[in-house]
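Here are a few exercises to work through with the model open in your viewer. Try each task before you read its solution.

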Amino acid sequence: MRSEHWIYTLPLRLRSLFRRNRAEQDLADELRDHLESQTQQYLATGLSPEEARRAAIRDLDGLELRKEQCRDARRTRPLEDLIQDLRYSLRALRKSPGFTATAILTLALGIGANAAIFSIVNAVLLRSLPYPSSSQLLTLSNNQSVPDLEDIQKQTRSFSAIGGVNKQALDFTGEGEPIQITGGLCNADLFPALGIQPAIGRAFTLQEDRFGGPALVLLTHGFWTRHFAADPAVVGKSIRLSGNSYTIIGVMPRDFWLPGRPVDVLASIRIANPAAAQFRGVHFLATYLRLQPGASIQQASAEMKSIDEWLAAHYPDNDRQMHRRLVSLREAIVGDVRLELLVLFAAVAIVLLIACVNFASLQLARSATRRREIAIRVALGAPSGRLIRQVITESVLLSLLGGACGLILGALGVRILLLLKPAGLPRIETTSMDASVLLFTFVLSFFTGILFGLIPAFSAAFFGTNLHLKEDQRATSGAGSGFRLRRLLVVSEIALALILLISATLMLRSFSLLHRVDPGFRPVNLLTMRLELPEARYREQTRQRYMHQQLLEHLNSAPGVQAALISELPMSGDFLDHNFIIDGRPIPPPGTEPEVQTRTVAGNYFSLMGISLLAGRDFGPQDRTGSLHVAIVNRAFVAQYFPAQEVLGARVDWARNNGPDWMTIVGVVGDVKHFGPNEPELPAVYDLYSQTGQPWKRWMYIVIRGESAPGSLLAIAKQQLWSIDNQLPLTQISTMSDVLAASLDHQRFNLTLLGAFAAVALALAVIGIYGVMAYSVIQRTNEIGIRVALGAQPRNILRLILSQGLRLALLGTILGIAASFALTRYMSHLLFGISPRDPRTFFAIPVALCFVALTACYLPARRALRNDPLTALRYE
Amino acid sequence: MSKPSDLVQGTLDLLLLKILALEPLNGFAISIRLKQVSGEILQVSDGSLYPALHKLEQEGWIKAEWRASENNRRAKFYSLTRLGRRQLDREAANWNRLSTAISQIIKLEEV
């Protein structure tokens with residue numbers, strides 16, 4: 001029934017819309033036909049042609065009215081009105097290209113910035129993790145050891161699968177130079193836990209995932225493409241990783257992703273690192289727990305609590321201090337960055353708000369110049385609803401055009417943002433202009449158009465009608481509700497801009513404070529690189545020590561080069577801590593001993609790095625393998641453990657060592673900013689590679705100081721290293737200055753964005769106040785002319801205009817300060833060494849803003865002065 | 001001149017559907033037919049005829065095509081659709097019910 005209805009009516013609707021001229025022609029023809037026939041009939045009754053025609057028309061009772069009623073019958077009226085409004089708007093906009101371009105550009109800036117930030121927020125915060133039913137995935141608050149995870153797996157009933165991964169460097173000696181790759185060493189449960197299966201081949205099974213099982217490896221898509229040219233026949237081949245042979249059994253899908261840094265291959269932890277996997281104390285597995293269907297998180301948490309208590313009771317040495325908690329995986333990944341992204345989002349929303357205020361203000365100014373036109377249309381019978389709709393249509397058209405340009409700007413913006421390498425934003429690399437970004441931008445543009453079109457629309461419709469027809473525009477002091485509204489807009493604009501300026505300044509100041517932080521070492525002319533000796537060939541410490549010694553000798557023999565080794569380089573992100581005990585003090589229960597950072601060095605590390613020696617002596621040639629095991633501690637260690645006692649000569653040891661290995665403290669060095677410029681240093685113990693009892697510590701950073709360019713230093717390092725062993729890959733090659741700069745990447749990213757937003761906000765606000773003042777001066781030309789004619793001096797006029805501008809600026813500034821005072825505390829976690837209500841910033845920036853605003857008023861004021869009073873009086 | 005409001009609401013639609021049910025006609029012919037069949041009792045202004053026709057067309061009850069008229073001019077001829085036939089039946093039935101009810105009331109004896 002309905003479908004039949006549409007068979008008849010749809011072609012009619014389409015014709016009314018798209019072949020409107022044809023429909024109109026038909027209507028005219030039909031009525032003309034009627035008129036002619038009727039006229040003929042009247043002629044037959046003896047009327048004159050003229051009378052006959054008039055009678056026929058009279059019978060129709062108003063030709064145009066009837067036509068209009070026929071058009072109404074078409075039921076496409078709203079759409080037709082819209083099309084008419086759009087046509088009218090396009091024509092009007094084309095006629096004022098300056099206004100159109102300014103409005104579109106203003107909105108494009110605001111919307112573009114929002115689209116860019118939203119696409120990042122979308123990628124990092126909103127998009128669900130790339131795992132099936134990812135809301136069912138949880139993680140534990142701390143890392144687990146392999147035996148612990150086994151026990152949890154045995155005792156749980158809430159989880160269908162519990163995966164664990166540790167990322168480790170592996171040497172891949174395929175073709176050419178040896179390279180270091182990242183291995184995801186995991187258990188077989190990882191695949192069902194994540195819900196991801198290989199795209200080619202298969203994953204390893206529970207039976208294969210055992211000590212002494214087969215050496216199997218899965219390749220990630222990227223590694224497979226880079227090193228095997230995406231060869232589908234790769235399954236079954238074998239590759240050598242860190243000296244051992246592995247059989248390839250599968251390739252992961254292209255979009256496979258693990259939180260944190262990307263991995264190249266996946267292998268069983270029990271095969272690839274059996275030594276570490278055996279120990280309950282090696283808590284190094286990141287965990288992925290998939291909830292059993294139907295199991296609740298509360299239930300699972302309660303279960304995990306009892307398992308944790310069981311582990312703590314059975315293995316107090318290793319598990320007493322774990323206090324495992326379940327956290328949603330998503331929360332664990334994005335929880336830290338949510339707040340700072342929201343700060344950025346708030347900042348960019350303020351930019352949009354300012355852009356919108358400018359937009360509304362522009363439209364108000366325009367509607368003021370169109371008052372006559374609107375008045376005429378009202379007088380001709382345009383209903384005010386229709387007028388409002390027309391103004392809003394124009395506004396939405398502009399905002400959608402602005403949004404389209406904004407998308408282009410946004411896409412560019414995202415490219416630039418990604419170039420800034422925002423460290424620590426998980427999954428930022430998946431940022432793209434996807435459907436939700438498009439939808440967001442569209443909705444944003446649409447509502448911007450409607451909301452900020454309403455202001456001019458209402459002021460346009462409520463403009464008196466007859467008033468403006470006879471108005472001679474001799475308005476005196478820029479009166480009119482439209483103008484009052486514009487001043488209000490400028491005030492809010494200044495207030496908003498001030499919030500951003502203050503926030504950006506706080507960021508800038510804390511960034512410069514961070515830059516000035518003394519790292520505790522001299523970073524210039526230092527080249528660093530990481531080296532890890534493969535277990536297969538360097539299991540014994542004698543071989544490792546021989547390598548260290550050879551390497552240092554070779555490097556130091558090169559002219560103008562000094563080299564040393566350190567296990568954990570400051571600001572590299574690497575750190576290692578151990579429980580420890582102090583000789584002569586009561587030994588705490590196992591598992592509750594204090595923790596200390598442990599770092600192992602070789603060569604003249606402290607003097608080479610420029611770390612100051614505060615007490616005692618540096619390591620020297622007398623400290624060799626077999627001689628007294630000595631250690632140097634940092635200032636933080638002394639402050640925490642030996643605040644009043646003599647530290648030199650005291651002895652410390654790692655807790656629960658296999659047999660005591662006391663280290664005698666012979667020196668104290670200054671603290672370095674190991675964890676970054678904005679993080680405090682922790683207590684640390686340094687010992688020597690030649691004396692340490694830890695054969696598994698096969699990694700090291702080579703630190704080279706030399707005057708030559710980093711490139712030639714690197715060439716020397718490679719040449720010397722490979723003359724000893726040409727199978728060792730060097731990684732993380734960087735100058736120390738770059739390491740230092742990279743530690744501030746995060747802050748730099750936030751600062752750059754906030755700074756850019758503040759700059760845009762300032763520019764828009766200045767344009768806004770300039771526009772309003774310029775308009776006001778034009779409005780007051782006449783008044784100013786009278787004042788000058790009556791003898792006012794230029795400075796009186798100047799003061800008149802400037803004081804008007806200053807009032808707006810001051811009002812905006814006061815509001816802005818109040819708002820900033822309330823808001824900046826939300827960014828305290830982004831600041832360093834400065835209060836979010838820093839009085840100097842809160843004073844200087846408003847003053848500067850007022851000054852800028854006054855300058856923006858000064859230009860139009862000067863123009864007012866230049867006017868000849870006679871012309872001014874005659875002005876319109 | 002008689003106004004369309006003199007017609008009971010919706011009656012014009014019924015009349016037009018009925019007239020077109022007999023044969024396809026153009027607007028002018030319809031107007032003449034209206035005058036013929038209803039005599040002087042129901043006066044329909046030519047003016048309200050066309051909006052009403054367009055409304056019926058947009059409802060899908062009648063359809064229009066351009067054809068040569070008797071005096072060999074291009075004219076828009078309206079004819080009933082299947083939907084229109086159904087609508088006519090419905091409206092005629094309504095009308096019968098209404099008029100019967102009203103005549104019953106009018107026939108009541110006054111006391």
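## Helix packing in chain A

Keep in mind that this is a predicted model.

**Exercise 1.** Work out how helix 14 of chain A and helix 25 of chain A are oriented to each other.

*Solution.* Start with the general recipe: two packed helices are described by the angle between their axes and the distance between the axes. Here the partners are helix 14 (residues 329-369) and helix 25 (residues 745-779) of chain A, which pack at an angle of about 15 degrees with their axes 10 Å apart. Next, bring in the cut-off: angles under 35 degrees count as roughly parallel. Helix 14 and helix 25 of chain A are therefore roughly parallel to each other. As for handedness, helix 14 of chain A passes helix 25 of chain A in a left-handed crossing. Finally, sort the residues of this contact by type, and you get 19 nonpolar, five polar and one charged.

## Domains

**Exercise 2.** Into which domains is chain A divided, and what distance separates the centres of domain 1 and domain 3 of chain A?

*Solution.* Walk through chain A and you'll meet domain 1 (2-75), domain 2 (142-324), domain 3 (336-516 + 745-874) and domain 4 (534-727). Now take the centres over C-alpha atoms: those of domain 1 and domain 3 of chain A are 53 Å apart.

## Two serines with positive phi

**Exercise 3.** A:Ser133 has a positive phi, and so does A:Ser242. For each serine, find the loop and decide: buried or exposed?

*Solution.* Take A:Ser133 to begin with. Its phi is about 40 degrees, although it is not a glycine. A:Ser133 sits in the loop between helix 6 (97-126) and strand 1 (137-140) of chain A. Count the other C-beta atoms within 10 Å of A:Ser133 and you get 11; a residue with 12 or fewer is exposed, so A:Ser133 is exposed.

Then go to A:Ser242, with a phi near 45 degrees. Its loop runs between strand 6 (238-241) and strand 7 (244-251) of chain A. A:Ser242 has 22 C-beta neighbours inside 10 Å. The cut-off for buried is 20 or more, so A:Ser242 counts as buried.

## A strand residue

**Exercise 4.** Describe the surroundings of A:Ile582.

*Solution.* Locate A:Ile582 in strand 13 (residues 577-582) of chain A. With 19 other C-beta atoms within 10 Å, A:Ile582 is partly exposed. Set aside its neighbours within four places in sequence, and A:Ile582 is in contact with A:Tyr641, A:Ala650 and A:Val652. For A:Ala382, 200 residues away along the chain, the C-alpha separation from A:Ile582 is 92 Å.

## Chain B and its side facing chain A

**Exercise 5.** How many helices and strands does chain B have, and which of its elements give two or more residues to the side that touches chain A?

*Solution.* Chain B has four helices and three strands, and from the N terminus on they run α-β-α-α-β-β-α. Of its 111 residues, 32% count as buried. Look next at contacts in chain B between residues at least 6 apart in sequence: 55% of them join residues at least 24 apart.

Now turn to the interface, where 19 residues of chain B are in contact with 22 residues of chain A. On the chain B side, the elements giving two or more residues are helix 2 (27-38), helix 3 (46-59), strand 3 (74-80) and helix 4 (82-107). Helix 3 of chain B gives the most, with eight residues. By type, this side of chain B divides into five nonpolar, seven polar and seven charged residues.

Note on methods. Residues numbered from 1 in each chain as written. Chains lettered and ligands numbered in written order. Predicted model: local features only at pLDDT ≥ 70, side-chain atom pairs only at ≥ 80, totals over all residues. Contact = placed C-beta atoms within 7 Å. Nonpolar A, V, L, I, M, F, W, Y, C, P; charged D, E, K, R; others polar. Axes fitted to C-alpha atoms, helices over the stretch in contact; angles between N-to-C directions. Parallel < 35°, antiparallel > 145°, perpendicular 65-115°, else oblique. Left-handed = near helix turned anticlockwise from the far one by under 90°. Domains from an automatic or database assignment.
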